[in-house]
Amino acid sequence: MGDKTVVVADDDADIRDLVTFKLDNAGFTVVPAADGDEALDLVLEHRPDLALLDVMMPGRSGLDVLRSIRADDSLAGTRVILLTARARDVDVDAGFSTGADDYLTKPFSPRELVHRVTALIGRD
């Protein structure tokens, strides 16, 4: 089991399961969340190295979770990748200006996702 923890939040179970599977196989400890509220609870509980957040989720959005992470000094070391179907420049700019470390648009390559996570936090 890896010592680097990733919270994966996506309301699409197929995407969440695929990302969880790929990151788990790459040696990361993965904590899945089905929505933004659960994601924030899990980030506060597990203090992950990285949170992978879908931007558009019911309830609290990925951007809302990102704002909460960036507002909490105790989570300053948590890296965040936004995962979204929203690829317009204005959406990408909003993600980075809110404090995202990276931004990946759907559809995405699972291999590229693993590379980006590894580049941000490393692995075992």
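**Entry 1: a loop residue with an odd backbone angle**

I started with Arg47, which sits in the loop between α2 (36–46) and β3. A reminder to myself before going on: this is a predicted model. I looked up the backbone of Arg47 and found phi near 50°, a positive value in a residue other than glycine. Then I asked myself: is Arg47 buried, partly exposed or exposed? Its relative accessibility is 39%, so I put Arg47 down as partly exposed.

While I was in that area, I checked a residue of helix α2 too, and picked Glu38. Glu38 has a relative accessible area of 32%, so I called it partly exposed. I also looked at Glu38 together with Arg60: they are 22 residues apart along the chain, and their C-alpha atoms are separated by 9.0 Å.

**Entry 2: strand β3**

Next I followed the chain into β3. How many of the five residues of strand β3 (residues 50–54) are buried? I counted five of the five, so the strand is largely enclosed by the rest of the structure. I then checked which way the residues point. Leu50, Leu52 and Asp54 point one way from β3, while Ala51 and Leu53 point the other way. Both sets are buried.

I wanted to know what lies beside this strand, so I looked up its partners. β1 and β3 run parallel and are joined by four bridges. As one example, I noted that Val6 has Leu50 in β3 as its bridge partner. Strand β4 (residues 79–84) also runs parallel to β3, and here I found five bridges. In this pairing, Ala51 stands opposite Val80 in β4. So my sketch of β3 now has β1 joined to it and β4 joined to it.

**Entry 3: a charged residue in the strand**

Asp54 caught my eye, since I had just listed it among the buried residues of β3. I looked up the number: Asp54 has a relative accessible area of 4%, and under 20% counts as buried, so the label fits. What does the side chain of Asp54 meet in a salt bridge? I found Lys106, at 3.3 Å from N to O. This pair links distant parts of the chain, because Asp54 is in strand β3 and Lys106 is in the loop between β5 (102–105) and α5 (110–121), 52 residues apart. I wrote the general idea in the margin: side chains of opposite charge can pair when their charged atoms come close.

I stayed with Lys106 for one more check. The peptide bond from Lys106 to Pro107 is cis, with omega near -5°. Pro107 is found in the loop between β5 and α5.

**Entry 4: more salt bridges**

How many salt bridges does a search of the whole structure find? It finds nine. I went on to look at Asp102 and Arg116, which form one of them, with their closest N and O atoms 2.9 Å apart. Asp102 lies in strand β5 and Arg116 in helix α5, so this pair ties together parts that are 14 residues apart in sequence. The two partners get separate labels in my notes: Asp102 is buried, at 15% relative accessible area, and Arg116 is partly exposed, at 23%.

Arg116 turned up again when I checked Glu112. Their side chains meet in a salt bridge too, at 2.5 Å from N to O. Arg116 and Glu112 are four residues apart in helix α5, so about one helical turn separates them. Glu112 is partly exposed, with a relative accessible area of 33%. I also noted a network here: salt bridges that share partners join Asp10, Asp54 and Lys106.

**Entry 5: a charged patch and a buried leucine**

Which residues form a negative surface patch? I wrote down Asp11, Asp12, Asp14 and Asp17. I looked at Asp11 on its own and placed it in the loop between β1 (5–9) and α1 (13–25). With 36% relative accessibility, Asp11 counts as partly exposed.

Last, I picked Leu23, which lies in helix α1. Is Leu23 buried or exposed? At 0% relative accessibility, Leu23 counts as buried. I also checked Leu23 against Ile121: they are 98 residues apart in sequence, and 12 Å apart in space from C-alpha to C-alpha.

Technical notes. Residues numbered from 1 in each chain as written. Predicted model: local features only at pLDDT ≥ 70, side-chain atom pairs only at ≥ 80, totals over all residues. Heavy atoms only, no water. Patch = residues over 30% accessible without salt bridge, like charges linked within 9 Å, V, L, I, M, F, W, Y side chains within 5 Å. Areas by Shrake-Rupley, 256 points an atom, 1.4 Å probe, with all protein chains shown as cover. Salt bridge = Lys/Arg side-chain N within 4 Å of Asp/Glu carboxyl O. Lys, Arg positive; Asp, Glu negative; His and termini not counted. Charge placed at Lys NZ, Arg CZ, Asp CG, Glu CD. Helix = DSSP H or I, 4+ residues; strand = E, 2+ residues; numbered from the N terminus. Buried < 20%, exposed > 50% of the residue type's maximum accessible area, 1.4 Å probe, protein only. Pairing = 2+ DSSP bridges.
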